[in-house]
Structures are given as structure tokens and as C-alpha cells.
Amino acid sequence: MEDQRKVEELKGRLEKCKNLVVFTGAGISKESGIPTFRDADGLWKNFRVEELATPEAFENDPVRVWEWYLWRKEKIGQCQPNLCHLLVSKWEKQFENFWLITQNIDGLHRKAGNKKILELHGNIWYTRCIKCGDVKEDLSINYPSLPPKCSCGGILRPHIVWFGEALDSGILNKAMEVSQEAEVFVSIGTSTVVYPAASLPFVALQSGAYVVEVNPERTSLTSEANINFFLKATQFASLFEDGN
């Protein structure tokens, strides 16, 4: 009943809201079956993500890194958007000014129908040429040879922000801008520990936004948020289904 009271309060805020920002992390994708890759079951050939998702690893052995990413793409490709992805997609259609900021690279928000997305850490379904910088969507899960090549002859890499690399300044600056302009800011399934992304809810708070946190565990944001739902992402989304 307490969660229902909270959701009615949030619905009241949303009815008056023109600028809505949603911020998502691994928690929303985990419920779609996306492997975490950090847990024991996320090991690949005895390698951990920190040993593979770096510029140095790619420079030293691009074939091995690509084999890992193709394995990940195959696993992720089998997953579907869940109820919370669909709720966020529905919100984009409802609000005059909407932005989705995500730390996830799995593309499930796009699959659910979202278009106004700021992907802070890139997207596994895109490649970038290390020679000409061209970025293209690439749904392939295998190639004739590895590493794949760009039409210019340069080597392609996954369009992902790796450990030791800076976020795209244009995307980060836009995320900061829309967070400052948000009237309601909803953080879903993020532990708010990976910076600079973790600063965004606090940027919204400082600018006067009504900040909502959805996370089954307490985080650094919990005591600062205007309202908290200690729920999984799909449990939260179910509160917005017809009849509730």
C-alpha cells in the first residue's frame, strides 16, 4: 500500500511535468536476462571484463576482444525489453520534453522504442573505425575475419567507452544540460557509484528537480531523493499498469 501511495504522488507530479528525464543502469537490464559479466558466471574463457574492455587489451589482441564482444552480442541479442523498458518508451511518447540517459550498452531501450537516448557508455550494436572515426550500426554476430575492417581499411572496434577512456564530451554535456532542466528526474536500477554518470541525479536535485529513485538497495542517492521505491525495475513498472 505504501508503494501505491508513492506512485499516486509520482503520477500527480508527472501530470504537471513538461520536462521528464529518466536515468537507467544495469538494474533495469538485469531483469531482461542481460548477464552482468562481472559475476562469476560472467567470466569468458577465464578473463574478466577489466582484462578485455580496455584500449590496451584491444591494441594487444583485437581478435580476442572481438571474440568476447561477439559472444556478448549473441547473448544480448536473445534478450527482450521488459515491462520497465516499455514504460520508459511509453513516457517518451507522453511528455513534451523527454530525455533518456542510460549507462547500459545493450540497446534494449532502442528495441523498446525509445529514440531520445543519451548512451553514456556507447552501444554494443555500433562499431567505430579507429582510423576515420566513422560510427555505424552493426548487428553482426560474426564476421568473415577478425578484426573487422572499415571501408577505409581501418580496424573497427566496438563503439563502447572502455576502462581508461573518457565519456563522449558532447553526450555528457547534453546529459548534464537536460538533468539541469528536468522537472522530474527518475533514476532506475543504478547504484550511482560510477562517475561522472553518478553525478547526474545530484545535478538535477541542485537544479530543483523532483528526484525519484528506483532501486532495491540503498545508494548514495537514497537519502537525497524526494521519493524512493525499494523495488526492482519491473516491480516499479507494474504499479503503472492499467487497473493500478
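Strands are DSSP runs of E of at least two residues, numbered from the N terminus. By this criterion Phe-185 lies in strand β7, the element around which the description below is arranged. The model is a predicted one.

The protein chain contains 10 helices and 9 strands. Its radius of gyration is 19 Å, close to the 18 Å given by the globule rule for 244 residues, so the chain is as compact as a globular protein of that length. The C-alpha trace spans about 55 × 35 × 30 Å along its principal axes. Of the 244 residues, 50% count as buried. Among contacts with a separation of 6 or more, 66% are made by residues 24 or more positions apart. The exposed area of the protein chain is about 12,000 Å², of which carbon and sulfur atoms supply 48%. The chain carries 28 positive and 32 negative charges, and the mean positions of the two sets are 3 Å apart.

Strand β7 covers residues 184-188 and is mostly covered, with 5 of its 5 residues buried. Val-184, Val-186 and Ile-188 point one way from the strand, whereas Phe-185 and Ser-187 point the other way. Two parallel pairings involve β7. Strand β1 (residues 19-24) is joined to β7 by 5 bridges, and in this pairing Val-21 has Phe-185 as its bridge partner. Strand β8 (residues 210-214) also pairs with β7 in the parallel sense, over 5 bridges; here the bridge partner of Val-184 is Tyr-210.

Phe-185 has a relative accessibility of 0% and therefore counts as buried, the cut-off being under 20%. Beyond residues up to four places away in sequence, Phe-185 touches Val-21 and Phe-23, as well as Ser-179, Leu-200, Pro-201, Ala-204, Ala-209, Tyr-210, Val-211 and Val-212. Val-21 is thus named both as a contact of Phe-185 and as its bridge partner. Arg-48 lies 137 residues from Phe-185 along the chain, and the C-alpha atoms of the two are separated by 33 Å.

The parallel pairing continues from β1 to other strands. β1 pairs with strand β2 (residues 97-102) over 6 bridges, in the parallel sense, and Phe-23 has Ile-101 as its bridge partner in β2. β2 is in turn joined to strand β3 (residues 117-119) by 3 bridges, and these two strands run parallel. In the latter pairing Leu-100 is partnered by Ile-117.

An antiparallel pairing is found between strand β4 (residues 122-129) and strand β6, with 5 bridges. Gly-122 stands opposite Ile-160 of β6. Strand β6 (residues 156-160) has 4 of its 5 residues buried and is therefore largely enclosed by the rest of the structure.

Two helical residues were examined individually. Ala-175 is placed in helix α8 (residues 169-181) and is buried, with a relative accessible area of 0%. Apart from neighbours within four places in sequence, Ala-175 is in contact with Ile-101, Leu-118, Leu-120 and Leu-200. Of these, Ile-101 is the bridge partner of Phe-23 in β2, and Leu-200 is also touched by Phe-185. Ala-175 and His-109 are 66 residues apart in sequence, with a C-alpha to C-alpha distance of 16 Å. Gln-94 is found in helix α6 (residues 83-94) and counts as partly exposed because its relative accessibility is 48%, a value that falls between the cut-offs of 20% and 50%. The C-alpha atoms of Gln-94 and Leu-20 are separated by 9.9 Å, although the residues are 74 apart along the chain.

Some backbone features in the loops remain to be described. Most residues other than glycine have a negative phi, and most peptide bonds are trans. The peptide bond from Leu-146 to Pro-147, however, is cis, with omega near -5°; Pro-147 is located in the loop between β5 (135-137) and β6. A cis peptide bond is also present from Tyr-195 to Pro-196, with omega near 10°. Pro-196 belongs to the loop between β7 and α9 (200-206), and Thr-192 lies in the loop between β7 and α9 as well. Thr-192 is not a glycine, yet has a positive phi of about 50°. Thr-192 counts as buried, its relative accessibility being 2%.

Technical notes:
Residues are numbered from 1 along each chain as its sequence is written. This is a predicted model: local features need pLDDT of at least 70, side-chain atom pairs count only at pLDDT 80 or more; totals for chains, interfaces and linings use all residues. Side-chain values use heavy atoms; hydrogens and water are left out. The radius of gyration is taken over C-alpha atoms; the globule rule is 2.2 Å times the number of residues to the power 0.38. Buried means under 20% relative accessible area, exposed over 50%, partly exposed in between (1.4 Å probe, protein chains only). Contact means heavy atoms within 4.5 Å. Accessible areas come from the Shrake-Rupley method with a 1.4 Å probe; for residues, only the protein chains shown count as cover. Lys and Arg count as positive and Asp and Glu as negative; His and the chain ends are not counted. The place of a charge is taken as NZ of Lys, CZ of Arg, CG of Asp or CD of Glu. Two strands pair if DSSP finds at least two bridges between them.
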